[in-house]
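Welcome to a short tour of a protein model, written with the bench in mind. Please keep the structure open beside you as you read.

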Amino acid sequence: MAICLSKKNRIFGLHTNNTSYVFGVDGLGLIRHIYWGEKINDLDEFSLPVLCEVSTNDSVYEITPEEFPVYGGLRYKEHCLKVNFSDGTRELIYKYIGYEIKEEELIINLADTHYSFQINLHYKLYEEEDLIERWVSLKNSSEDIIEVEKIHSAQFHIPYENLNFSNVHGHWGAEQQRFTQRVSYGKMLVENRRGISTHNHNPYFILDKDATETNGEVFFGALRLSGNFSGVVEQTQYGETLVQMGINSHDFMLKLKPKKEFTAPSIISGYTNKGFEAMSHNLHNFAKKNLLRPGLRPVLYNSWEATEFKVNCEEQIRLAKIAKKIGAELFVVDDGWFGERNSIDKGLGDWYVDKDKFPKGLKPLIDEVKAMGMMFGIWVEPEMVNPLSQLYKDHVDWIYHFDTRETDTSRGQYVLNVTKPEVKEFIYNMLDSLLSTYDIDYIKWDANRPIAQSGTDKAIWYKHIEVIYDIVKELKKKHPKVLFEACASGGGRIDYGILGIFDDFWTSDNTDAYDRLKIQDSYSYIYPIKAMRAWVTDCPNFLSRRNIPIKFRYHSAMMGSLGIGCNILKFSKEDIKLSKELIEEYKKIRPIIQEGDFYRISSNSENNYHCFQYVKQEEAVLFVFLPQSKLGHRGIRVRLRGLQKDKVYSFNYNGQQLKMTGNYLMKYGIDLRLVGDYDSAIIHFSVL
Ligand code: GLA
């Protein structure tokens, strides 16, 4: 049984295949954390000793490792929940009411001792993946409004000091830059206050006890929220490290009306003693099983870098013909097809097809694309409006604003207040009509600026994204075949909140194939490969001004869901030939890449090799990149992982067909040698 209860001791045990999570109700009625780690089956060995005040400054509340600390009493530690009752009381006193078990979910019911206010702690188990999804729901059963000033979804207790914390930092064009730092005393905070984007930090935590890729203890959690989140890590004075995550309480206030409930976003959390690789596999498998739409992602062509706003029907048809010729399966028209959208400051909000660019509408283009057997996709940015648009003229009050302040533009645009029912309806209807009028298979949904002048309702920082989730869920009900890509100025919306509602992430506007190696590597720690859109684009790259050979650019983009963003009208015969060959090769290995297990292989060389491997059943693929050879030239030995040791694998390297056992490939490895700058190779292994 995955959810166990020792009634005698009021101790709950949550068991996955390899882990246990244990907590109990102590003598004071506090929900006290006991254990999170390797599996311990027998709950009877656990106990809840009585805790005594250490000093007047270290009260029992302070030293109790509570599952869900609230604000109230002699608690000065970081709390997960703070509410204001209508009479001005600002403290919570909870008592344990009982529990419910619903299939794989345990719910602990708590209630305030005076006010009609319930707090429910939810724990849902994913046994195979060694994961627990945790969240909290609130219920106001009183006759008055209860103000929620802070709500973090869960707290985790890790019984160590001096852990390593990892996350990513970044900005536009440089998302997903993994960093690791030592946790010491004091608090560390990762957060987003922008409403839209998460270019900077990402809503997850990884805390490890000096783990490596394949060994060591890792505690981790990913918050299912796009937009304003915060995560606090604190090494306490009592020998443990706390971490909690949830909606950012910065400028936040939720007014919970009488008889209403509120469910906070969940955290997918896990423990492993097998290093970062096991963490990634568990999260990826969770996403593959529970969130991602089945089926392989198509190879797409997107015209943005080729044409920017200068799209027109004839040229798009010409691009589509070449896209088809090289092997693309989905043709996406990016920005510029609607309203008076000739630059960033015009057109957003006016979602009619520009007659100058598409005199007969989109149909002639879509017909051509479909006649060639490709899918068709289109770019939209529905949450935004340019001041220079008809929509804004007609509805000046539809944007977030303060009446007495001028509203800031960013990228020449305002953010629509999607929490107004009429705005939500407008966006839904606009997209529904686009999808009903045209045969569209793919929507690239962009959001290119953060929210400012957010209006008088402090809950919009959270409500905004809920509305976006709702709109897409509704659209998918009516248009189930349509795939949605989440883009926010590149990789600003990569998180587990949007995944599952949307199907793909646009990983970064930075399409430089070398920069992408780092971005993709960092991304892979938490997020599944199938959702990682990666394009081959022209050189010199618009951002880095770097020139990289086309083969390396393809290989880098083939590590995820492949896209092509080049101006293929300018392709030479050789470029076309090579593109065809590489896209064909991608299609052969695509199931292994998109659906297999991903391995970050470290390089033992002085040379700057980057190695990544994928395994699916009896097949494996190894990607090797050498951006720059240095200090004379040496090859490397790469030891593969995840193979079947007794099987013989056949593979081609440097024109030679070779056979080796899984055992040999994993223990000795293979000797590889790339030459010069920006050399790369893909090796495909299959069991004989
Ligand atoms: C954002 C996206 C790009 C592109 C442009 C269009 O920057 O990240 O991929 O769609 O908008 O304006």
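This report walks through the core, the salt bridges, one asparagine, a surface patch and some backbone features.

**The nonpolar cores**

Please bear in mind that this is a predicted model. A good place to begin is the inside. The largest nonpolar core has 191 residues. Within this core, the residues with the most contacts are L81, I119, F331, W337 and F623. Helix 8, which covers residues 460-478, gives the most to this core, namely 10 residues. There is also a second, separate core, made of 24 residues, with L626, V638, L643 and Y653 among them.

It is worth centring the view on L81 for a moment. Leaving aside residues up to four places away in sequence, L81 touches F68, P69, V70, Y71, L92, F117, I119, L138, V148, K150 and I151. One of these partners, I119, is itself listed with L81 among the residues with the most contacts inside the largest core.

**Salt bridges**

Side chains of opposite charge can pair when their charged atoms come close. How many salt bridges does the count come to? The count comes to 42 salt bridges. Three of them are set out here.

| Acidic residue | Basic residue | N to O distance |
|---|---|---|
| E277 | R641 | 2.5 Å |
| D354 | K357 | 3.9 Å |
| D432 | K478 | 3.0 Å |

Take the E277 and R641 pair to start with. E277 sits in helix 2 (residues 275-291), while R641 belongs to the loop between strand 34 (636-638) and strand 35 (648-653), so this salt bridge ties together parts that are 364 residues apart in sequence. Are the partners buried or exposed? E277 is buried because its relative accessible area is 12%, under the 20% cut-off for that class. R641 is buried as well, at 18% relative accessibility.

In the pair of D354 and K357, both residues are buried.

The bridge between D432 and K478 brings two helices into the picture. D432 is in helix 7 (residues 421-437) and K478 is in helix 8, so the pair ties together parts that are 46 residues apart in sequence. Here the two partners fall into separate accessibility classes: D432 is buried, at 11% relative accessibility, whereas K478 is partly exposed, with a relative accessible area of 48%. You may also like to find K370, D439, D441 and K481, which are joined into one network by salt bridges that share partners.

**A buried asparagine**

Now turn to N202. You will find N202 in the loop between strand 13 (186-191) and strand 14 (204-208). Its relative accessibility is 0%, so N202 counts as buried. Which polar partners does the side chain of N202 have? A polar atom of this side chain lies 2.9 Å from the backbone oxygen of I494. The side chain of N202 also makes a polar contact with the side chain of Y527, at 2.4 Å. Both I494 and Y527 appear in the list of residues that N202 touches, together with N167, V168, Q176 and F229, when residues up to four places away in sequence are not counted.

**A nonpolar patch on the surface**

On the outside, M1, Y99 and I101 make a nonpolar surface patch of about 330 Å². M1 is placed in the segment before strand 1 (3-6). With a relative accessible area of 76%, M1 is exposed.

**Backbone features to look for**

Most residues other than glycine have a negative phi, and most peptide bonds are trans. Where does the model depart from this pattern? Here are some places to check.

The peptide bond from C539 to P540 is cis, with omega near -5 degrees. P540 is part of the loop between strand 29 (532-536) and helix 10 (550-557).

E308, which is not a glycine, has a positive phi near 45 degrees. E308 is located in the loop between helix 3 (304-307) and helix 4 (313-326), and at 38% relative accessibility E308 counts as partly exposed.

N654 is another residue other than glycine with a positive phi, about 55 degrees. N654 occupies the loop between strand 35 and strand 36 (656-661). N654 counts as exposed because its relative accessibility is 63%.

Technical notes
Residues are numbered from 1 along each chain as its sequence is written. This is a predicted model: local features need pLDDT of at least 70, side-chain atom pairs count only at pLDDT 80 or more; totals for chains, interfaces and linings use all residues. Side-chain values use heavy atoms; hydrogens and water are left out. Patches are made of residues with over 30% relative accessible area and no salt bridge: like charges are joined within 9 Å, nonpolar side chains (Val, Leu, Ile, Met, Phe, Trp, Tyr) within 5 Å. Accessible areas come from the Shrake-Rupley method with a 1.4 Å probe; for residues, only the protein chains shown count as cover. A salt bridge is a side-chain nitrogen of Lys or Arg within 4 Å of a carboxyl oxygen of Asp or Glu. Helices (H or I, at least four residues) and strands (E, at least two) are DSSP runs, numbered from the N terminus. Buried means under 20% relative accessible area, exposed over 50%, partly exposed in between (1.4 Å probe, protein chains only). A polar contact is a pair of N or O atoms within 3.5 Å; within protein, one must be able to donate a hydrogen and the other to accept it, and residues adjacent in sequence count only if both atoms are side-chain atoms. Contact means heavy atoms within 4.5 Å. A nonpolar core is a set of buried Ala, Val, Leu, Ile, Met, Phe, Trp, Tyr and Cys residues joined through side-chain atoms within 4.5 Å.
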